[in-house]
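The following exercises ask you to read a structure step by step, with a worked solution after each task. Please keep the sequence and the model in view as you go.

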Amino acid sequence: MDRDGLDAFHQERPEIVFLDLGLPDRGGLDLLPELVASGHDTAVIMITGKQDMSAAIEIGRAHV
């Protein structure tokens, strides 16, 4: 998610965000804490096109 995407997130305050682990600019796991800390009541669903057990475990451990 680039800066424009983050700006849109803060302005629009969506009810739900589908966040891909494999974003070109920043990884979804790097971005997740920022979205959660924003104070918006937004549900975040993590998605990926790869089968990656370590990423799934890390998501499960995320402090959300």
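A residue is called buried when its relative accessible area is under 20%, exposed when that area is over 50%, and partly exposed in between. The model shown here is predicted.

**Exercise 1. Classify the two partners of the salt bridge between Glu34 and Arg26, and state how far apart their closest N and O atoms are.**

Solution. Begin with Arg26, whose relative accessibility is 30%, so that it counts as partly exposed. Next take Glu34, which at 28% relative accessibility also counts as partly exposed. The closest N and O atoms of Glu34 and Arg26 are then found to be 3.1 Å apart. The count of salt bridges in the model comes to one.

**Exercise 2. Find which residues make up the largest nonpolar core, and which elements each supply at least two of them.**

Solution. The largest nonpolar core has ten residues in all, namely Leu6, Phe9, Val17, Leu19, Leu21, Leu31, Leu32, Leu35, Met46 and Ala55. Turning to the elements, at least two residues of this core come from each of α1 (3–12), β1 (16–20) and α2 (28–37). Of the elements, α2 gives the most, with three residues. As a last step, follow one core member outwards: when neighbours within four places in sequence are left aside, Phe9 is in contact with Pro14, Val17, Leu35, Ser38, His40 and Thr42.

**Exercise 3. Describe the backbone and the surroundings of Arg13, and decide whether Arg13 is buried or exposed.**

Solution. Locate Arg13 first, in the loop between α1 and β1. Its phi is positive, at about 45 degrees, although Arg13 is not a glycine. For comparison, most residues other than glycine have a negative phi. With a relative accessibility of 57%, Arg13 counts as exposed. The side chain of Arg13 is joined to that of His40 by a polar contact of 3.5 Å. His40 itself lies in the loop between α2 and β2 and, at 14% relative accessibility, counts as buried. Beyond its neighbours within four places in sequence, His40 is in contact with Phe9, His10 and Arg13.

**Exercise 4. Work out what Thr42 and Glu15 each touch, leaving aside neighbours within four places in sequence.**

Solution. Thr42 lies in the loop between α2 and β2, and its relative accessible area of 16% makes it buried. With neighbours within four places set aside, Thr42 is in contact with Phe9, Pro14, Glu15, Ile16 and Val17. Looking at Pro14 in particular, the side chain of Thr42 reaches the backbone oxygen of that residue at 2.7 Å. Glu15, by contrast, is exposed, with a relative accessible area of 71%, and is placed in the loop between α1 and β1. The contacts of Glu15, counted in the way just used for Thr42, are Asp41, Thr42 and Ala43. To finish, compare Glu15 with Ser38: the two are 23 residues apart in sequence, and their C-alpha atoms are 13 Å apart in space.

**Exercise 5. Identify which residues form the nonpolar patch on the surface, and classify Ile47.**

Solution. The patch is formed by Ile16, Phe18, Ile45 and Ile47, which together have about 350 Å² of accessible area. The elements giving two or more residues to it are β1 and β2 (43–47). Ile47 lies in strand β2 and, with 37% relative accessibility, counts as partly exposed.

Conventions
Residues are numbered from 1 along each chain as its sequence is written. This is a predicted model: local features need pLDDT of at least 70, side-chain atom pairs count only at pLDDT 80 or more; totals for chains, interfaces and linings use all residues. Side-chain values use heavy atoms; hydrogens and water are left out. A nonpolar core is a set of buried Ala, Val, Leu, Ile, Met, Phe, Trp, Tyr and Cys residues joined through side-chain atoms within 4.5 Å. Buried means under 20% relative accessible area, exposed over 50%, partly exposed in between (1.4 Å probe, protein chains only). Helices (H or I, at least four residues) and strands (E, at least two) are DSSP runs, numbered from the N terminus. Contact means heavy atoms within 4.5 Å. A salt bridge is a side-chain nitrogen of Lys or Arg within 4 Å of a carboxyl oxygen of Asp or Glu. Patches are made of residues with over 30% relative accessible area and no salt bridge: like charges are joined within 9 Å, nonpolar side chains (Val, Leu, Ile, Met, Phe, Trp, Tyr) within 5 Å. Accessible areas come from the Shrake-Rupley method with a 1.4 Å probe; for residues, only the protein chains shown count as cover. A polar contact is a pair of N or O atoms within 3.5 Å; within protein, one must be able to donate a hydrogen and the other to accept it, and residues adjacent in sequence count only if both atoms are side-chain atoms.
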